[in-house]
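Colleague: I'm new to reading protein models. Could you walk me through one, feature by feature?

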Amino acid sequence: MMICPDDIRSRVVGYLMQRFGMRESLWQDYEFYQSSRGRIHLGPCELPDRPKPDSVGCLIARLQRTVKPSSALFQLFGQYVQREILNLDRDQTQRYLAGESLVLATDQIADCRPGFVMLRYDVLPLACGLLREGGQLENQLPRASWCRVDLL
Amino acid sequence: MDRNRPDNNRLPTFPQRMTERYHALVSEPQALSRALLSPPRKSFRVNRLKTDPDSAQARMENYGCRLEPVPWYADAFVIADYPPDSPRSEPLMLPQVLGHIHMQELASMLPPLTLSNELGNAERVLDACAAPGSKSTQIASLMANRGLLVANDKQFGRIRALKFNLERQGVLNAAITNHDLRHWPSGQHYPVILLDAPCSAEGTLRKNPHLLLRWNESLLEGHRSLQTQLILRAYDLLSPGGVLLYSTCSLAPEENEAVVDTLLREREHVTIEPIQVDGITLSPGVTAFENHRFDDRVAACARAWPHLHNIDGFFMARIRKS
Ligand SMILES: C[S@@+](CC[C@H](N)C(=O)[O-])C[C@H]1O[C@@H](n2cnc3c(N)ncnc32)[C@H](O)[C@@H]1O
């Protein structure tokens, strides 16, 4: 893990501001780190000299052709997201957390543009989802975290 | 059924020697044995990085869970009952999945709690034996995600669970290291260190009764030797004026008072500070056990007993480098 070069940091911060309205000051107490596989972590400003850390802070995004925000980012900073919020009902939440992709009705996605969205149930930020033209919501949760939630 | 608990007809019995030891340690050894074989209560801690106790409580009660507050910790609750119509005996709840709460035995919440004052404004904290991260996530919560928390564990296989828990709870201020504490490089010092040492885990028999089958007094010596090396190294990494909390989930004086006793003999400027948690009266450290005598200062250590406190057996020493 190394500290993100300025251009990459700006790309991530700019994307989160532009698409989700997440202001830059949210990140001011933390440092951005990058792993070899394009994973961006938000972590502490100071690190131990030795031994070298294996991992730092939380995964907040992956760099692909675009920036892909992580579910951990929304779960922690969801209250500061201002747009591209998609509310799921109980059944949809249960299915999404179990790893399913969903097809949503037009009125449910009326406030969102295609691309990455923050999913919410009740008032709780849940995860990141990928909304396609036509209402297909592609599941973005890693397989290892799929689970059958009983009480929600 | 909990796969760690054999069914009632096959509950293991205590080895004779273990019973003798309890006679030397407590005035009600039978009550202790009984408590150690009864099922533990389910409890959780609220993660203040993501929510607050009132919201978490309201949500869980809304599901139909019956909660009991914990008199000594506002962030902790006992789940007295799950909703009667739950599809599973231990249903998976959304606040768990989102890291708003963390299922954690009450005793295991004590070490970070006793460091609350220090953690509130600590710049650098070392959790030396951190996996799977119950206490690390609590420490991060008490640090409000500020400063630096070094969460270390020697066992590579346990680092994955540590990462998973830290991420699920939204911990931003942690750096995970995979190192043997005994060989930790010199140089950087830490004002706050938690050493939640590997141990015989005798105090967790309620959850893991199968440990009884493996219990053997001769194993205690191996634990003691490792714990002694760990406490000495941790103390050397402590900043002057700093505080080291040594804890185990063992009841055995060999793994507890004896280890602290060695630290007192082998290092200078060591003070053992009394441990006080409002709402629970912990028992003092023992200064003698069978034919061993320990430094009188170990009386300032604290022990939780399952039969007295209705939590897992636990030991803590709060060590100041003056
Ligand atoms: C009691 S467990 C820690 C539990 C943890 N503090 C928690 O609350 O989730 C003890 C840990 O010490 C680790 N350990 C054992 N020997 C060690 C060493 N020499 N250096 C660092 N960690 C060690 C073990 O791998 C184990 O995960």
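Modeller: Sure, we'll go through a sheet, a helix, the cysteines and the ligand, and keep in mind that this is a predicted model.

Colleague: Let's start with the sheet. In what order do the strands of the open 4-stranded sheet in chain B come?

Modeller: Read a sheet from one edge to the other, not along the sequence. Here the order is S2-S3-S1-S4 in chain B, and the pairing is antiparallel. S2 (66-70) and S4 (101-103) of chain B have a single partner strand each, so they form the edges, with one side left without a neighbour in the sheet. On average, neighbouring strands in this sheet are turned by 35 degrees against each other, direction ignored.

Colleague: How many bridges hold the pair S2(B) and S3(B)?

Modeller: S2(B) pairs with S3(B), residues 73-81, over 5 bridges in the antiparallel sense. For a spot to look at, find Arg66(B), which stands opposite Asp81(B) in S3(B).

Colleague: And which helix lies across S1, S2, S3 and S4 of chain B?

Modeller: That's H3(B), residues 53-62, and it runs at about 10 degrees to S3(B).

Colleague: Now the cysteines. How many disulfides are there over all chains?

Modeller: A disulfide is a covalent bond that joins the sulfur atoms of two cysteines. The count over all chains is 0.

Colleague: Why is there no bond at Cys65(B) or Cys129(B)?

Modeller: Check the distance to the closest cysteine sulfur; the cut-off is 2.5 Å. For Cys65(B) that sulfur belongs to Cys147(A) and is 16 Å away, which is too far for a bond. For Cys129(B) it belongs to Cys199(B), and 10 Å is too far as well. Cys65(B) is buried, with a relative accessible area of 5%, and Cys129(B) is buried at 15%.

Colleague: Which residues come nearest to the ligand?

Modeller: There are 21 residues around the ligand, and Lys135(B), Asp153(B), Arg158(B), Asp180(B) and Asp196(B) come nearest. Next, look for polar atoms facing each other. One ligand oxygen is 2.6 Å from a side-chain N or O atom of Asp153(B). A polar side-chain atom of Arg158(B) is also 2.6 Å from an oxygen atom of the ligand. Cys129(B) turns up again here, with a polar backbone atom 3.0 Å from a ligand nitrogen.

Colleague: Last one: why is H11(B) called largely enclosed?

Modeller: Count its buried residues. In H11(B), residues 257-266, 8 of the 10 are buried, so the rest of the structure largely encloses this helix. Among them are Val259(B), Val260(B) and Leu263(B). The buried residues of H11(B) pack against H10, S9, S10, S14 and S15 of chain B.

Definitions and conventions
Residues are numbered from 1 along each chain as its sequence is written. Chains are lettered from A and ligands numbered from 1 in the order in which they are written. This is a predicted model: local features need pLDDT of at least 70, side-chain atom pairs count only at pLDDT 80 or more; totals for chains, interfaces and linings use all residues. Side-chain values use heavy atoms; hydrogens and water are left out. Two strands pair if DSSP finds at least two bridges between them. Helices (H or I, at least four residues) and strands (E, at least two) are DSSP runs, numbered from the N terminus. Axes are lines fitted to C-alpha atoms, for helices over the stretch in contact, and angles run from 0 to 180 degrees between N-to-C directions. Contact means heavy atoms within 4.5 Å. Buried means under 20% relative accessible area, exposed over 50%, partly exposed in between (1.4 Å probe, protein chains only). A residue is near a molecule or strand if one of its heavy atoms lies within 4 Å of it. A polar contact is a pair of N or O atoms within 3.5 Å; within protein, one must be able to donate a hydrogen and the other to accept it, and residues adjacent in sequence count only if both atoms are side-chain atoms.
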